[in-house]
Amino acid sequence: MKCCIVTLGCQMNQSDSERIRSVIEGMGYAMTKNEEEADLIGVVACSVRQKAIDKVYAKIHRWNRWKNDRPLITFVSGCILPADERKFLKLFDLVFRMNELPELPSMLQQCGIATEYSLRHPLEGMERQDERTDFWLVDPAYSSAFEAYVPIQNGCDKFCTYCAVPYTRGREVSRASADILAEVQRLVDRGVKSITLLGQNVNSYGLDKKGKEISFAELLCRVGEIGNASDKDFWVYFTSPHPRDMTRDVIEAVAGYDCLAKQIHLPIQSGDEEVLRRMNRNHSMEAYLKIVSDIRELLPTATLFTDIIVGFSGETEAQFAHTAALMEKVEFNMAYIAKYSPRAGARSAKWEDDVSPQEKSERLARLSEILKRTSLAHNQAMVGKAFRVLLDGKDRRMEGALTGRTEGKLPIRVLDASEELIGTFQEVEVTSAAELSLTGRLVK
Ligand code: SAH
Ligand code: SF4
Ligand code: F3S
């Protein structure tokens with residue numbers, strides 16, 4: 001019998017999905033990528049924009065039609081807003097939250113799965129800590145042999161006015177640092193080359209357990225110590241930090257350890273003071289620019305990525321121009337730019353979505369132009385130099401070439417590299433630069 005899991009959204013969902021898969025495989029299912037041959041089929045949903053949730057409805061309507069022809073059990077988990085959850089309860093056989101993951105076998109049994117499956121509790125024999133975090137005790141079925149996500153925190157307390165996450169993932173809760181460090185150590189021992197610590201606000205790690213847990217900067221130092229004590233090479237990333245909690249000791253920690261990758265993803269969302277205030281980001285432009293200057297000072301080789309929303313409710317042309325000016329000034333290596341999409345339940349949904357779709361597209365295009373220009377200039381300065389690259393796959397568009405990433409997470413096409421090198425670090429000389437990518441060859 002086969003199971004197919006469709007995962008939408010960000011790395012948090014990718015990571016949750018690896019644990020769902022592990023529980024379902026433990027029951028005896030084989031995984032398939034083909035929806036049509038699955039007996040059990042599920043979606044890990046994302047609610048960050050309307051488009052993502054529309055996809056879930058399209059899928060379940062299709063799957064429910066298949067039920068006329070064959071037995072099929074459907075489930076949904078992930079980030080779901082309450083209004084959608086009420087509808088999903090009628091459309092899916094099972095709706096569950098991640099903290100209920102350990103009960104998945106018995107919940108599926110109630111949906112009527114075949115009796116030959118193992119209903120053993122996934123945490124049998126383990127010491128339970130907290131029902132909000134016990135699901136992290138499930139050993140994930142990692143989807144890559146050399147890159148791994150390690151969740152350190154779930155939920156969000158920031159309540160940015162546009163954002164669905166606090167209503168889908170609930171309040172912030174930190175995972176026990178001992179468990180995080182044990183998972184990192186296991187991955188390092190296994191030879192994993194890239195580890196990403198995950199959370200909605202990684203740098204507010206531990207604040208929900210003040211006095212009982214270490215801080216994010218301290219957590220980074222302990223991870224750094226694992227690197228110092230090991231003879232293995234690996235890069236550790238984290239995403240996303242919030243500017244409000246980005247204290248200098250976090251940047252100092254990254255600077256202090258070789259295994260902590262010199263790449264920072266720091267969402268700004270808008271370059272306008274008033275828009276930031278209405279987004280409830282709770283920091284000034286000055287504070288953001290101070291963090292950027294700390295990063296430039298302490299991590300001179302680091303690349304800088306960001307997230308931006310264009311066309312937020314009430315965003316004027318002049319306010320948008322401040323975001324464009326910020327991009328010119330900071331020269332991001334990468335920016336994930338999204339058009340504002342009102343989310344039911346979030347505070348801004350009550351405000352008028354008054355920037356037209358055309359205007360949003362136009363603003364997005366203008367920011368992309370700036371991004372391409374500044375990132376090209378940065379990439380051109382890398383030509384002729386050698387960098388360490390983690391080779392991560394075959395290049396789909398060029399026979400005989402591999403794809404990889406630099407420590408700063410810049411994508412690079414590596415010519416004349418053979419497939420056995422996938423999953424290894426190699427020295428690569430950059431031979432040419434494009435707007436958001438590089439090309440190079442192995443240094444022999
Ligand atoms: N915790 C992170 C972001 C989580 S959501 C942070 O604080 O930055 C990921 C990204 O989706 C956000 O950075 C934002 O750019 C985008 N996003 C969130 N809500 C959105 C909305 N309603 N419309 C458009 N983009 C949105
Ligand atoms: Fe959403 Fe803001 Fe929380 Fe990020 S910090 S998840 S944008 S509410
Ligand atoms: Fe989407 Fe949830 Fe991530 S809403 S962006 S999957 S935290």
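This report describes selected local features of the structure above, moving from two buried strand residues to salt bridges, a charged patch and unusual backbone angles.

The model is predicted, so that local features need pLDDT of at least 70 and side-chain atom pairs count only at pLDDT 80 or more, whereas totals for chains, interfaces and linings use all residues. Residues are numbered from 1 along each chain as its sequence is written, chains are lettered from A and ligands numbered from 1 in the order in which they are written, and side-chain values use heavy atoms, with hydrogens and water left out.

## Buried residues and their contacts

Helices (H or I, at least four residues) and strands (E, at least two) are DSSP runs, numbered from the N terminus. Buried means under 20% relative accessible area, exposed over 50%, and partly exposed in between, with a 1.4 Å probe and protein chains only. Contact means heavy atoms within 4.5 Å.

Val-44 belongs to strand β3, and it counts as buried because its relative accessible area is 1%. When residues up to four places away in sequence are not counted, Val-44 touches a set of residues that includes Ile-5, Val-6, Thr-7 and Leu-8, as well as Ser-77 and Gly-78. The C-alpha atom of Val-44 is separated by 9.1 Å from that of Ile-80, a residue 36 places away along the chain.

Leu-391 is part of strand β14, which covers residues 386-394, and its relative accessibility of 0% is why it counts as buried. Apart from its neighbours within four places in sequence, Leu-391 is in contact with several residues, among them Phe-146, Leu-402, Val-414, Leu-421 and Gln-426. For Leu-421, which is 30 residues from Leu-391 along the chain, the separation of the two C-alpha atoms is 6.7 Å.

Asp-272 sits in a loop, the one between β11 (263-265) and α9, and it counts as buried because its relative accessibility is 5%. Residues up to four places away in sequence aside, Asp-272 touches Met-285, Gln-319, His-322 and Thr-323. Ser-284 is 12 residues from Asp-272 in sequence, and the C-alpha atoms of the two are 8.9 Å apart.

## Salt bridges

Side chains of opposite charge can pair when their charged atoms come close. A salt bridge is a side-chain nitrogen of Lys or Arg within 4 Å of a carboxyl oxygen of Asp or Glu, and the structure holds 31 salt bridges. Three of these pairs are set out below.

| Pair | N to O separation | Place |
|---|---|---|
| Glu-35 and Lys-59 | 2.9 Å | loop between β2 (30-31) and β3; helix α2 |
| Arg-222 and Glu-218 | 3.1 Å | helix α7 (residues 216-229) |
| Arg-278 and Glu-274 | 3.8 Å | helix α9 (residues 273-278) |

The pair of Glu-35 and Lys-59 links distant parts of the chain, the two residues being 24 residues apart, and both of them are buried. Arg-222 and Glu-218, by contrast, lie 4 residues apart in their helix, about one turn; Arg-222 is partly exposed because its relative accessible area is 36%, and Glu-218 counts as partly exposed because its relative accessibility is 33%. Arg-278 and Glu-274 are likewise 4 residues apart, about one turn of the helix, and Glu-274 is partly exposed, with a relative accessible area of 34%. Beyond these pairs, a network of salt bridges links Arg-248, Glu-252, Lys-290, Asp-294 and Glu-297.

## A positive patch

Patches are made of residues with over 30% relative accessible area and no salt bridge, like charges being joined within 9 Å and nonpolar side chains (Val, Leu, Ile, Met, Phe, Trp, Tyr) within 5 Å. Arg-49, Lys-51, Lys-55 and Lys-339 form a positive surface patch. Within this group, Arg-49 is found in the loop between β3 (40-45) and α2 (50-66), and it is partly exposed because its relative accessible area is 40%.

## Backbone angles

Most residues other than glycine have a negative phi, and most peptide bonds are trans. Lys-409, in the loop between β15 (402-406) and β16 (411-415), has a positive phi near 65°. Asp-416 is not a glycine either, yet its phi is positive at about 55°; it lies in the loop between β16 and β17 (425-433) and counts as exposed because its relative accessibility is 64%. The peptide bond from Thr-239 to Ser-240 is cis, with omega near -15°, and Ser-240 has its place in the loop between β10 (235-239) and α8 (248-256).

Methods:
Areas by Shrake-Rupley, 256 points an atom, 1.4 Å probe, with all protein chains shown as cover. Lys, Arg positive; Asp, Glu negative; His and termini not counted. Charge placed at Lys NZ, Arg CZ, Asp CG, Glu CD.
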